[in-house]
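Grab a viewer and work through these exercises at your own pace. Each one sets a task and then walks through a solution.

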Amino acid sequence: MDQTGVHKKFIFNDQIDGNWLHSLYEDDYPYILEVFTGSLDSLKEELRVFSGAFESNDPAQLKQSIHKIKPLLGFAGMLHHQEMAGRFENACANTKNTSNLTMQYIEMVDLINNARSILQEEVKRLNAFIA
């Protein structure tokens with residue numbers, strides 16, 4: 001059978017903007033896999049810093065941490081997640097006390113954990129797709 005012109009296209013989770021990823025990485029799925037894996041590692045580490053900053057009532061550190069998380073979400077095509085991180089970053093800049101951010105913080109932790117779950121699943125799926 002002639003496979004000429006047949007091109008496998010990976011369909012990303014609907015919370016990932018596949019067009020955005022294509023604009024950044026084209027169809028370089030091994031590289032996208034590296035980006036997702038690196039983002040997962042960084043999110044895991046930065047989530048500890050993020051939580052520690054909230055618990056120690058340090059809005060400046062909280063802002064700095066979410067500022068590091070925000071582009072990780074964008075590089076992975078999670079533009080809604082990135083936008084929400086930007087909003088939280090702005091909220092951190094406008095407060096002197098993390099207790100003022102409790103509800104937003106809880107929502108942000110949930111969103112980051114959601115992003116991690118999605119990326120973990122996409123890593124599995126991409127590995128199978130590339131194999």
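**Exercise 1. Place E89 and list what surrounds it.**

Step 1: find the helix. E89 sits in helix α4, residues 79-93. Helices here are DSSP runs of H or I with at least four residues, strands are E runs of at least two, and both are numbered from the N terminus.

A note before going on: this is a predicted model, in which local features need pLDDT of at least 70 and side-chain atom pairs count only at pLDDT 80 or more, while totals for chains, interfaces and linings use all residues. Numbering starts from 1 along each chain as its sequence is written, and side-chain values use heavy atoms, with hydrogens and water left out.

Step 2: check burial. The relative accessible area of E89 is 7%, so E89 is buried. The scale is under 20% for buried, over 50% for exposed and partly exposed in between, using a 1.4 Å probe and protein chains only.

Step 3: look for a polar partner. The side chains of E89 and K70 make a polar contact at 2.6 Å. That term covers a pair of N or O atoms within 3.5 Å; within protein, one must be able to donate a hydrogen and the other to accept it, and residues adjacent in sequence count only if both atoms are side-chain atoms.

Step 4: add the other neighbours. Setting aside residues up to four places away in sequence, E89 touches K63, I66, H67 and K70, where contact means heavy atoms within 4.5 Å.

**Exercise 2. Work out how α2 and α3 pack.**

Step 1: get the geometry. Helix α2 (residues 29-55) and helix α3 (residues 59-75) have axes that come within 9 Å and cross at roughly 160°. The axes are lines fitted to C-alpha atoms, for helices over the stretch in contact, and angles run from 0 to 180 degrees between N-to-C directions.

Step 2: name the arrangement. α2 and α3 are therefore roughly antiparallel. The classes are roughly parallel under 35 degrees, roughly antiparallel over 145, roughly perpendicular from 65 to 115, and oblique for the rest.

Step 3: read off the residues. From α2 come V35, S39, S42, L43, E46, V49, F50, A53 and F54, and they meet Q61, L62, S65, I66, K68, I69, L72, L73 and F75 of α3.

Step 4: sort them by class. The contact of α2 with α3 has 12 nonpolar, four polar and two charged residues. Nonpolar takes in Ala, Val, Leu, Ile, Met, Phe, Trp, Tyr, Cys and Pro; charged is Asp, Glu, Lys and Arg; polar is the others, Gly among them.

**Exercise 3. Two loop residues that aren't glycine have a positive phi. Where are E26 and N57, and how accessible are they?**

Step 1: take E26. Its phi is about 55°, and E26 belongs to the loop between α1 (18-25) and α2. With 56% relative accessibility, E26 counts as exposed.

Step 2: take N57. Phi of N57 is near 55°, and N57 is in the loop between α2 and α3. N57 counts as partly exposed at 37% relative accessibility.

**Exercise 4. Trace what T98 touches.**

Step 1: locate T98. T98 lies in the loop between α4 and α5, and counts as buried at 3% relative accessibility.

Step 2: follow the side chain. It reaches the backbone oxygen of F54 at 3.1 Å.

Step 3: list the contacts. Leaving out neighbours within four places in sequence, T98 is in contact with A53, F54, N57, D58, P59 and L62.

**Exercise 5. Compare the surroundings of L40 and I118.**

Step 1: start with L40. This α2 residue is buried, with a relative accessible area of 13%. Beyond four places in sequence, L40 is in contact with R116, L119, Q120 and V123.

Step 2: move to I118. I118 is in helix α5, residues 102-130, and counts as buried at 7% relative accessibility. Its contacts beyond four places are N13, Q15, I16 and M78.

**Exercise 6. Summarise the whole chain.**

Step 1: count elements. There are five helices and zero strands, in the order α-α-α-α-α.

Step 2: gauge the dimensions. The C-alpha atoms fill a box of roughly 65 × 20 × 20 Å along the principal axes.

Step 3: finish with burial. Of the 131 residues, 40% are buried.
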